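Hi,

Here is the structure I said I would pass on. Have a look at it first, and then read my notes below.

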Amino acid sequence: MVSYKELGLVNTREMFAKAIEGGYAVPAFNFNNMEQMQAIIQACVEASSPVILQVSAGARKYANQTLLRYMAQGAVEYAKELGKNIPITLHLDHGNSFELCKSCIDMGFSSVMIDGSSLPYDENVALTRKVVEYAHQFDVTVEGELGVLAGVEDEVASEVAHYTKPEDVEDFVKKTGVDSLAISIGTSHGANKFKPEQCTRNADGILVPPELRFDILEEIEKRIPGFPIVLHGSSSVPQEYVKIINTHGGALKDAVGIPEEQLRKAAKSAVCKINIDSDGRLAMTAAVRKIFVDSPAEFDPRKYLGPARDELKKLYIHKCESVLGSAGKA
């Protein structure tokens, strides 16, 4: 058993309380390799932002759970080396079983998500409650989920979205004891969040997705005032990256994301954690593809992963400063 406190990490309780009071959202950036972690820490130190290092079940398998633990500990020390002791959480994204959540808690995670959203309501409640009871023994915070997001990302996939029912949230929070709640109001996993027929085209011919269901969010806020709300699938899919990828050998068709102004609006509400994964993948892929085409003789990984890391850092500083409002809040 490794305590996250020994690694210098924090849970999300104080982080979220400050975010709700301050009208901003804490970035939850997914990572599974060194370059991604470096970019996240560099960006959040420079922006002076708290950050949630987010690990999916697939990323945990890819990177190895022991290496991840030491990478998270290294992230804390790296931030100090860069000149700022920012609050850092290590969080399991979309845990799908009690066993996985327990293993992460035992290995030094300071926060876990148990996603029982695809289960019948009572089973979701029971599973979430079981994780909460174990986690809270070690002061680890737990995120639950009500409603299902469409799209595909890592091992999470659903053809159809099911919006969160506001009438369920009070009962769910009371029965489970969760510390935060992920809801479904129109965000979606992956780079292709919406089908073209769901969107309209603006004057430049760019696909514009439907508005998020802020009416559902407002109703949820009324029912559980001041309770931390989480948005998954909140990448904006910057079209400049899509263009670079597609003009350098890629084939991303109809990739469209959540407009940043809608995320900024959400961040000013009880939404205090916003998950961003696909945007980071796009930034890195765009940088790598460009180098492979422009410098085809290049074979030193540092020469293409370094620029990919720099592009990711630039993107994440922008997210902290202009989208989530978390810059200066560390």
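**Helix 2 and the loop after it**

Right after helix 2 comes Ser48, with a positive phi near 55°. Helices here are DSSP runs of H or I with at least four residues, strands are E runs of at least two, and both are numbered from the N terminus. Before going on, a word on the source: this is a predicted model, so local features need pLDDT of at least 70 and side-chain atom pairs count only at pLDDT 80 or more, while totals for chains, interfaces and linings use all residues. Residues are numbered from 1 along each chain as its sequence is written, and side-chain values use heavy atoms, with hydrogens and water left out.

Back to helix 2, which covers residues 34-47. Its 14 residues reach 20 Å from first C-alpha to last, close to the 20 Å expected at 1.5 Å a residue (the expected span is 1.5 Å times one less than the number of residues). At its N-terminal end, Asn33 acts as a cap, with a side-chain oxygen 3.3 Å from the backbone nitrogen of Glu35.

How much of helix 2 is buried? The count is 12 of the 14 residues, so the helix is largely enclosed by the rest of the structure. (Buried means under 20% relative accessible area, exposed over 50%, and partly exposed in between, with a 1.4 Å probe and protein chains only.) Among the buried ones are Glu35, Gln38, Cys44 and Ala47. They pack against several elements, including strand 1 (26-30), helix 4 (65-81) and helix 12 (301-324); contact here means heavy atoms within 4.5 Å.

Ser49 sits in the loop between helix 2 and strand 2, and is buried at 0% relative accessible area. Its side chain makes a polar contact of 2.8 Å with that of Ser326. (A polar contact is a pair of N or O atoms within 3.5 Å; within protein, one must be able to donate a hydrogen and the other to accept it, and residues adjacent in sequence count only if both atoms are side-chain atoms.) Leaving aside residues up to four places away in sequence, Ser49 also touches Pro27, Cys44 and Cys320, among others.

**Strands 3, 4 and 5**

Strand 4 (residues 111-114) is covered on both faces: Ser111 and Met113 are buried on one side, Val112 and Ile114 on the other. Strand 3 (residues 88-95) runs parallel to strand 4 and is joined to it by three bridges, with Leu92 opposite Val112. Strand 5 (residues 141-146) also pairs with strand 4 in the parallel sense over three bridges, and there Thr141 is the bridge partner of Ser111. Pairing takes at least two DSSP bridges between two strands.

Strand 3, helix 5 (residues 98-106) and strand 4 form a right-handed β-α-β unit, and so do strand 4, helix 6 (residues 121-136) and strand 5. Right-handed means that, with the strands pointing away from the viewer, the path from the first strand over the helix to the second runs clockwise. Just after helix 5, Gly108 has a positive phi of about 105°.

**Cysteines**

How many disulfides does a search of the whole structure find? Zero, taking a disulfide as two cysteine sulfur atoms within 2.5 Å. For Cys101, the nearest cysteine sulfur is that of Cys104, 6.8 Å away. Cys101 is buried, at 1% relative accessible area. The sulfur of Cys272 is 15 Å from the closest one, in Cys320, which is too far for a bond; Cys272 is buried too, at 0%.

Cheers
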